[in-house]
Amino acid sequence: MSEITHPDKQTLVSADAETSLSRFSTQRFSIAPMLDWTDRHCRHFHRLMSREALLYTEMVTTGAIIHGKGDYLAFGEQEHPVALQLGGSNPQDLATCAKLAEQRGYDEINLNVGCPSDRVQNGMFGACLMAQATLVADCIKAMRDVVSIPVTVKTRIGIDDQDSYEFLCDFVHQVSTRGECDTFIIHARKAWLSGLSPKENREIPPLDYPRVYQLKRDFPQLTMAINGGIKTLEEAKLHLQHMDGVMVGREAYQNPSMLLDVDSQLFGAQANPLTGPDVIRALYPYIEAELAKGTYLGHITRHILGLFQGIPGARQWRRHLSENAHKPGAGVDVVEQALMMVTRPQQTSE
Ligand SMILES: Cc1cc2nc3c(=O)[nH]c(=O)nc-3n(C[C@H](O)[C@H](O)[C@H](O)COP(=O)(O)O)c2cc1C
């Protein structure tokens with residue numbers, strides 16, 4: 001198998017891995033947008049483990065992009081393919097942000113129609129938009145009119161008492177016809193807009209996978225990925241018998257070593273030869289570069305704590321990083337010391 005260097009990447013990828021991109025939907029495996037979790041440090045780390053996974057940013061509101069002082073669109077070239085998730089409901093503002101994002105090099109724009117938090121409802125975006133299919137369609141159309149990258153929607157199977165299959169079908173029908181949206185990611189549970197916290201809304205409403213499979217059967221022309229509660233690549237494979245893609249959130253973040261097998265198991269690509277410790281050491285140049293720019297070590301290491309879950313020394317790894325990465329001047333040596341605890345664990349470790 002020939003090895004080639006991808007022009008945008010520092011990592012080596014196989015020729016097979018390259019061709020597999022065209023054999024499968026880009027939605028085949030993605031890591032969910034997660035506020036405060038999937039920031040650019042996290043995405044850089046995840047990319048070291050899977051060349052193929054589609055990575056989503058945290059939700060960024062149109063207000064932050066248009067009026068904010070920071071650069072909310074920053075990402076690293078190594079992250080491709082990377083999708084920007086937008087929060088908003090003003091078609092013009094969304095179009096402005098989509099255009100900016102395309103200019104910056106994002107591979108996809110995704111509209112959040114699934115987040116149930118109060119803050120989001122006050123701003124009139126997120127899951128409450130499921131009740132306004134026409135507005136969502138107009139938002140998608142406004143973005144599609146100004147960009148050539150895909151514009152996708154992430155939504156739930158219903159909200160509050162609007163949880164019938166007909167309601168879901170009507171939403172998808174309107175957004176796909178009037179809005180010309182051809183790709184949907186469906187979190188397979190409804191959201192309660194009041195009474196439940198966002199966390200509870202990810203746990204309490206029951207998952208209904210058959211309903212999402214039915215939706216794909218009824219809209220075969222649309223690309224559809226399923227999300228919610230997927231914990232293993234074996235489960236992902238079962239979903240892929242019905243769907244074009246799977247999106248994994250919490251498990252990918254909390255147990256990221258699963259990502260090492262994504263390329264080989266789900267894309268038929270060459271297995272990632274890196275072990276967990278290799279991944280950490282491959283992260284060092286990025287950490288050094290970020291520290292030089294003034295980033296705190298802890299802002300990066302908080303995303304890597306779960307890598308050695310279930311391995312002897314994992315607790316010491318987490319503890320060493322948690323106790324030391326926030327100290328002034330903390331650098332790569334702190335990570336290397338923590339790594340020793342899993343590569344040379346003590347007898348007493350977990
Ligand atoms: C900490 C956290 C933050 C999240 N932030 C977002 C977000 O910004 N946008 C979004 O669409 N979903 C968000 N979600 C929901 C996830 O994208 C996903 O739909 C949900 O966790 C279910 O998938 P999972 O069971 O694989 O985690 C968030 C989830 C978590 C745990």
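Before you start clicking, one bit of vocabulary: an angle between two helices runs from 0 to 180 degrees and compares their N-to-C directions, along axes fitted to the C-alpha atoms over the stretch in contact. Keep in mind, too, that this is a predicted model.

**Stop 1: a pair of helices.** Select helix 14 (residues 314-324) and helix 15 (residues 332-343). They pack at an angle of about 165°, and their axes are 7 Å apart. Angles over 145 degrees count as roughly antiparallel, so that is what helix 14 and helix 15 are to each other. Helix 14 passes helix 15 in a right-handed crossing. Now show side chains: Ala314, Gln316, Trp317, His320, Leu321 and Asn324 of helix 14 meet Val334, Gln337, Ala338, Met341 and Val342 of helix 15. Sorted by class, this contact has 7 nonpolar residues, 4 polar ones and no charged ones.

**Stop 2: the barrel.** Switch to a cartoon view and pick out strands 3 to 10. These 8 strands close into a barrel, in the order 3-4-5-6-7-8-9-10, with parallel pairing. On average, neighbouring strands of this sheet are turned by 25° against each other, direction ignored.

For one pairing in detail, select residues 151-156 and 183-187. Those are strand 7 and strand 8, which run parallel and are joined by 4 bridges. At Arg156, look across to strand 8 and you'll find His187 opposite.

**Stop 3: helices on the sheet.** Add residues 91-104, which form helix 4. This helix packs on the sheet and touches strand 5 (82-87), strand 6 (108-113) and strand 7, with its direction at about 160° to that of strand 5. Next comes helix 6 (residues 133-144), lying across strand 6 and strand 7 and running at about 155° to strand 7.

**Stop 4: the ligand.** Which residues are closest to the ligand? Select Ala32, Met34, Met59, Gly249 and Arg250, out of 23 residues that surround the ligand. Strand 4 (54-61) and helix 10 (250-254) are the elements that give two or more residues to this shell. Its residues divide into 9 nonpolar, 8 polar and 6 charged.

**Stop 5: two backbone oddities.** Most residues other than glycine have a negative phi, and most peptide bonds are trans. Go to Pro81, in the loop between helix 3 (62-67) and strand 5. The peptide bond from His80 to Pro81 is cis, with omega near -10°. Then jump to Asp160, in the loop between strand 7 and helix 7 (165-177). Phi of Asp160 is positive, near 45°, although this residue is not a glycine.

Key:
Residues numbered from 1 in each chain as written. Predicted model: local features only at pLDDT ≥ 70, side-chain atom pairs only at ≥ 80, totals over all residues. Near = placed C-beta within 6 Å. Nonpolar A, V, L, I, M, F, W, Y, C, P; charged D, E, K, R; others polar. Pairing = 2+ DSSP bridges. Contact = placed C-beta atoms within 7 Å. Parallel < 35°, antiparallel > 145°, perpendicular 65-115°, else oblique. Left-handed = near helix turned anticlockwise from the far one by under 90°.
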